[in-house]
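User: Hello! I am new to this structure and would like to understand the reasoning behind some of its labels. Could you walk me through them?

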Amino acid sequence: MRIEPGTRAIVTGASRGIGRALCLALASRGARLGLMARGKERIEELIPQLPESPAGPHLALVADVAKRGQVERAIDRFVKRAEGLDLAVANAGVAHYGPFVDTDLERAEEMVLINVLGTIYTIGAALPHMLDRARGHLVILSSGAGIRAFPGAAVYGATKAADRGFAEALRHELSGTGVSVTTAFPGEVETGLHAHERDLLPDWRENEQELPPQEVAEAIIEAVDEDSRAVYIPGVVRLLGLNSVAPRLTDALLRRIRGATAAPRRD
Ligand SMILES: NC(=O)c1ccc[n+]([C@@H]2O[C@H](COP(=O)([O-])OP(=O)(O)OC[C@H]3O[C@@H](n4cnc5c(N)ncnc54)[C@H](OP(=O)(O)O)[C@@H]3O)[C@@H](O)[C@H]2O)c1
């Protein structure tokens, strides 16, 4: 689906990082946005910085994606005001890294609720509005960690693999409906996702070059324009798919590139 002036789009996790960059990039293409996040202040600060859309004013949608009722009400409000919905980006997410044995299970629950159920609630609320008009596009943020999970990110990787599986099946299920799905697989991006745990990041994660979120946003927009099944940012992330056919070879490559902590077991 081509993004053009007047495209009506909802972005979750709109207040910071990749979501914020996407909002700026979409608005500069003329899209009218519904910006969803929990923090009202940051969204309200961002809205005046966005180029105006010919389709009407951008809307702040203050909601927690882990609360189904809040997501449904926020999306319904946007659809009523904008008289439709063309694009929905399920981007909101959180990460807590560390060995699983040391993981507080409340943090694990938070990741599952936000990263998995939050995505399902967002898509579940957006999709009927698109099917009604036989037109629309959904974007789901997975991660390189959803293709090959890394030690120290077992639960996070599991949530991103769930997002990948959900998106893959949905793209096929929606065949012929006029609604399509793109899965985004970013590598490491320069955002505040790990700001609360910089000291705790595993060795394989240290000193890695992080991409600017604007680059991720532009790649996602291009993928929507071209109705791509998936977008890997940077392209080398795609190679993690080798893990499903040759896990030992993948481990060996990752040890060379990221160091021994990326794949400590050799059996
Ligand atoms: N950064 C990376 O290296 C990287 C790599 C691969 C994939 N990803 C994925 O990309 C997505 C965005 O990550 P990011 O790096 O941009 O993170 P970020 O900078 O921490 O931003 C996260 C955004 O999600 C929102 N959010 C968090 N929990 C929410 C909730 N319960 N309900 C509604 N909004 C919520 C936050 O706003 P509030 O806190 O105000 O709600 C914020 O706007 C995530 O799904 C992440 O897994 C990131």
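Analyst: Gladly! This is a predicted model. Let us begin with its largest cavity, which is lined by His-96, Tyr-97, Gly-98, Phe-100, Thr-103, Met-111, Gly-152, Ala-153, Ala-154, Val-155 and Tyr-156.

User: What makes these residues lining residues of the largest cavity?

Analyst: A lining residue has an atom within 4 Å of a grid point of the cavity. His-96 and Tyr-156 are among the residues that line the largest cavity, so each has an atom within 4 Å of one of its points. Helix 5 gives the most to this lining, with 3 residues.

User: Which classes of residue make up the lining of the largest cavity?

Analyst: By class there are 7 nonpolar, 4 polar and no charged residues. Gly counts as polar and Tyr as nonpolar here, so Gly-98 goes with the polar ones and Tyr-97 with the nonpolar ones.

User: How many cavities of 30 Å³ or more are there?

Analyst: The count comes to 1. The largest cavity has a volume of about 40 Å³.

User: Why is Lys-160 called buried?

Analyst: Buried means under 20% relative accessible area. Lys-160 has 5% relative accessibility, so it counts as buried. Its place is in helix 5, residues 154-173.

User: How do you know that Lys-160 is in contact with Asn-115?

Analyst: Contact means heavy atoms within 4.5 Å. Leaving aside neighbours within four places in sequence, Lys-160 is in contact with Asn-115, Leu-141, Ser-142, Ser-143, Ala-145 and Gly-146. Therefore Lys-160 and Asn-115 have heavy atoms within 4.5 Å of each other.

User: What can you tell me about the second largest pocket?

Analyst: About 310 Å³ of space lies in it. Of its 16 lining residues, the closest to its centre are Arg-164, Glu-168, Phe-185, Ala-230 and Tyr-232. Helix 5, strand 6 (179-186) and strand 7 (230-233) each give two or more residues to the lining, and helix 5 gives the most, with 5. The lining divides into 6 nonpolar, 5 polar and 5 charged residues. Arg and Glu count as charged, so Arg-164 and Glu-168 belong to the charged group.

User: What makes the pair between the ligand and Ser-15 a polar contact?

Analyst: A polar contact is a pair of N or O atoms within 3.5 Å. An oxygen atom of the ligand is 2.6 Å from an N or O atom in the side chain of Ser-15, so the pair qualifies. Tyr-156 also has a side-chain N or O atom 2.6 Å from a ligand oxygen. At Val-189, a polar backbone atom is 2.8 Å from an oxygen of the ligand.

Note on methods:
Residues are numbered from 1 along each chain as its sequence is written. This is a predicted model: local features need pLDDT of at least 70, side-chain atom pairs count only at pLDDT 80 or more; totals for chains, interfaces and linings use all residues. Side-chain values use heavy atoms; hydrogens and water are left out. Helices (H or I, at least four residues) and strands (E, at least two) are DSSP runs, numbered from the N terminus. Buried means under 20% relative accessible area, exposed over 50%, partly exposed in between (1.4 Å probe, protein chains only). On a 1 Å grid over the protein atoms alone, a cavity is a set of points where a 1.4 Å probe fits but cannot get out, and a pocket is an open set with protein on both sides within 12 Å along at least five of seven lines; lining residues have an atom within 4 Å of a point. Grid points are joined across faces, edges and corners, and a volume is the space filled by probe spheres set on the points. A polar contact is a pair of N or O atoms within 3.5 Å; within protein, one must be able to donate a hydrogen and the other to accept it, and residues adjacent in sequence count only if both atoms are side-chain atoms.
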